[in-house]
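Work through two exercises on helix packing. Try each task before reading its solution.

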Amino acid sequence: MMMVMQPEGLGAREGPFAGSGGGGEYMEQEEDWDRDLLLDPAWEKQQRKTFTAWCNSHLRKAGTQIENIEDDFRNGLKLMLLLEVISGERLPRPDKGKMRFHKIANVNKALDFIASKGVKLVSIGAEEIVDGNLKMTLGMIWTIILRFAIQDISVEETSAKEGLLLWCQRKTAPYRNVNVQNFHTSWKDGLALCALIHRHRPDLIDYAKLRKDDPIGNLNTAFEVAEKYLDIPKMLDAEDIVNTPKPDEKAIMTYVSCFYHAFAGAEQAETAANRICKVLAVNQENEKLMEEYEKLASELLEWIRRTIPWLENRVGEPSMSAMQRKLEDFRDYRRLHKPPRVQEKCQLEINFNTLQTKLRLSHRPAFMPSEGKLVSDIANAWRGLEQVEKGYEDWLLSEIRRLQRLQHLAEKFRQKASLHEAWTRGKEEMLSQRDYDSASLQEVRALLRRHEAFESDLAAHQDRVEHIAALAQELNELDYHEAASVNSRCQAICDQWDNLGTLTQKRRDALERMEKLLETIDQLQLEFARRAAPFNNWLDGAVEDLQDVWLVHSVEETQVRKLVPSRDQTLQEELARQQVNERLRRQFAAQANAIGPWIQAKVEEVGRLAAGLAGSLEEQMAGLRQQEQNIINYKTNIDRLEGDHQLLQESLVFDNKHTVYSMEHIRVGWEQLLTSIARTINEVENQVLTRDAKGLSQEQLNEFRASFNHFDRKRNGMMEPDDFRACLISMGYDLGEVEFARIMTMVDPNAAGVVTFQAFIDFMTRETAETDTAEQVVASFKILAGDKNYITPEELRRELPAEQAEYCIRRMVPYKGSGAPAGALDYVAFSSALYGESDL
């Protein structure tokens, strides 16, 4: 007798044919058949019928069958034949004799073959089979069923029994009154079997007419339909199942496994559909990312296109208040409108890098954006925007300085013009008087002296008039908006000045003529004059003195004394304003001198992090996220500095000797810092994608990082081609010029002249990832199409989820081969296109 000893530690309830090896455990240990206990008579009857029918379903292929399971396998011949039929392999030649030892030898050959398939037979001996032991024979047949009919059934990496159960649950899930939880009581009402058939062949059973309270009818319907249309022999009796509290699990499993194999083609189609759905999901996700990139790129470029003309408009405003409104609009642009666009630009680069990583990992070609929407195109457009922006800001400030000077010059012009006009008021009338007609010689001479004093005063005002004219000229050169009124007023002053000069000369001439005339008369009256000389001299001197004091000394001195306190008040006000400005300068500088170095230090720190990340990717990500949060929390300091900068600009202060950091420097540094941390986080995210897709260990990633850092000479996160070549040589690559050029097209598809760390990892791991191919997708579609070279919309809708089916129908081109029905689609061209260049 051949006896296989029970392995040490096998529990008392473990059956004699617990499977192991390649198939894993076939059954839960507590449910295994036990040779030491009496088999339940109802179960024995069910097993006998089921196992006999199962064996005959295979033996008939060899033109034979069995009638009595415990007798017909006793000589081992039909047992060996059964194994050959179900395995497709040849067993050793059987012994032809009819002696007991011949039969034992044949049974042992069968048992040895079973054992060679990785099944450990426990307590089953050839002698017991030859002696017709029913329980041992049933146990042996169950072992064969497990190994050849059930073992390879696996759904989502479950064991054989669990896999078959999960398959049944999924197939029957949509059906009312069906709840498959086991292989005994869940099948008593027959609805589960009918649901299995209806799921795959809805034309064979009208499930809606079945009743839960008719288990016998349901079971017989399933048995009859299965036997007639599915070539599954009737292995069970409806009455035995219904009248048994707990039907035999092995019998039910054996019968249900026949349905699994009968619908294997459908399962193959489901597997094919799952593969196609997986591939389509990858493409749909990638296309969504491409569409998002295109949309975001278009919006960003359109915003730049709209903004640049606004910044290029250098038409000044006539007043300081209008220009200050322009400056306020520009501050709003820098503070409110531009920052979200900076984030969009950074996000666009991150999305592009993530998309390219996903495409590389799924062996899709690199994404090529629409013309004019490359990352480099957007970067160039952004640089153009910032150049125009800088020019606009410089123009704004220079224009405000120009208006500030114009305002000062205009006020100075008005003051000097007003003073001059006040001085000339009444002078033309005075010069036009003929007061000398009735004057005496002394009076004429007095008038002459007063006129000479006026001429001196007039000559002194010549500089003032010239200064007024010079101010008007400068206002014209600086394009003062009220230049016309200034020119008109200046011209009036100049015309009046010329007229005063003419009138002054005429009055002098008239006074001199009158003096000569009166001198002649005076000679005639000399005698009289001699007598009246003392009185006349006194009278003339008194008149002259009184007139000179009133004209020269009293009025001028009074005006000067009035101006001195007013000028002093103006100077005090200007001093106070400059003290406020100085306080604003120091306040801004104190913050800028702290913020500037902090930003620079953070930029350098992020750069060091990017070049020398340590620990697991999750740890790196956590550290970077913390850094990012610290940076975001610091934003309040930038906002406060912006407020101080605004106060400086409102006060027209544009210089600050207390700091080397301008607001522009701070803004540029802040944007660089935000972009740098976002890019570093994105690099780690892409490494996670690569690691998960290609099964890299942390040690491998660390080795790649160390190699990359060693040859990253400039420490900027990129290797130049010569450094990349040296890196490859150090890793054992023997590179010729042609091969290296080919590799460079892989790692630098845009010919940027550098190799990033992500591209380096992709190259080093390009062969390690298991991925789908166009050929595999074609093969999957071929299964769904029933081995045809085309597929119909109806087949796609039947085999695929609605979204994926419509996706295929929209994108598949019509099939152009012969013999195809109208509307047939070309799945081969579609599958190839899935792995081709995007048409976005």
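Two exercises follow, each with a worked solution.

The model is predicted: local features need pLDDT of at least 70, side-chain atom pairs count only at pLDDT 80 or more, and totals for chains, interfaces and linings use all residues. Residues are numbered from 1 along each chain as its sequence is written, and side-chain values use heavy atoms, without hydrogens and water.

**Exercise 1.** Classify the packing of helix α14 (residues 375-424) against helix α17 (residues 462-477).

Solution.
- Take the axes: they lie 10 Å apart, at an angle of about 150°.
- Apply the cut-off (over 145 degrees counts as roughly antiparallel). Therefore α14 is roughly antiparallel to α17.
- Assign the hand: α14 passes α17 in a left-handed crossing (the near helix is turned anticlockwise from the far one by less than a right angle).
- List the contacts (heavy atoms within 4.5 Å). In α14 they include L406, L409 and F413; in α17, I468, L471 and L475 are among them.
- Sort the contact residues: 11 are nonpolar, 2 polar and 5 charged.

**Exercise 2.** Do the same for helix α7 (residues 160-172) and helix α8 (residues 191-200).

Solution.
- Take the axes: they come within 9 Å and cross at roughly 70°.
- Apply the cut-off (65 to 115 degrees counts as roughly perpendicular). So α7 is roughly perpendicular to α8.
- Assign the hand: this crossing of α7 and α8 is left-handed.
- List the contacts: W167, C168, R170, K171 and T172 of α7 meet A192, A195, L196, R199 and H200 of α8.
- Sort them: 5 nonpolar, 2 polar and 3 charged (Ala, Val, Leu, Ile, Met, Phe, Trp, Tyr, Cys and Pro count as nonpolar; Asp, Glu, Lys and Arg as charged; the others, Gly among them, as polar).

Conventions: Axes fitted to C-alpha atoms, helices over the stretch in contact; angles between N-to-C directions. Helix = DSSP H or I, 4+ residues; strand = E, 2+ residues; numbered from the N terminus. Parallel < 35°, antiparallel > 145°, perpendicular 65-115°, else oblique.
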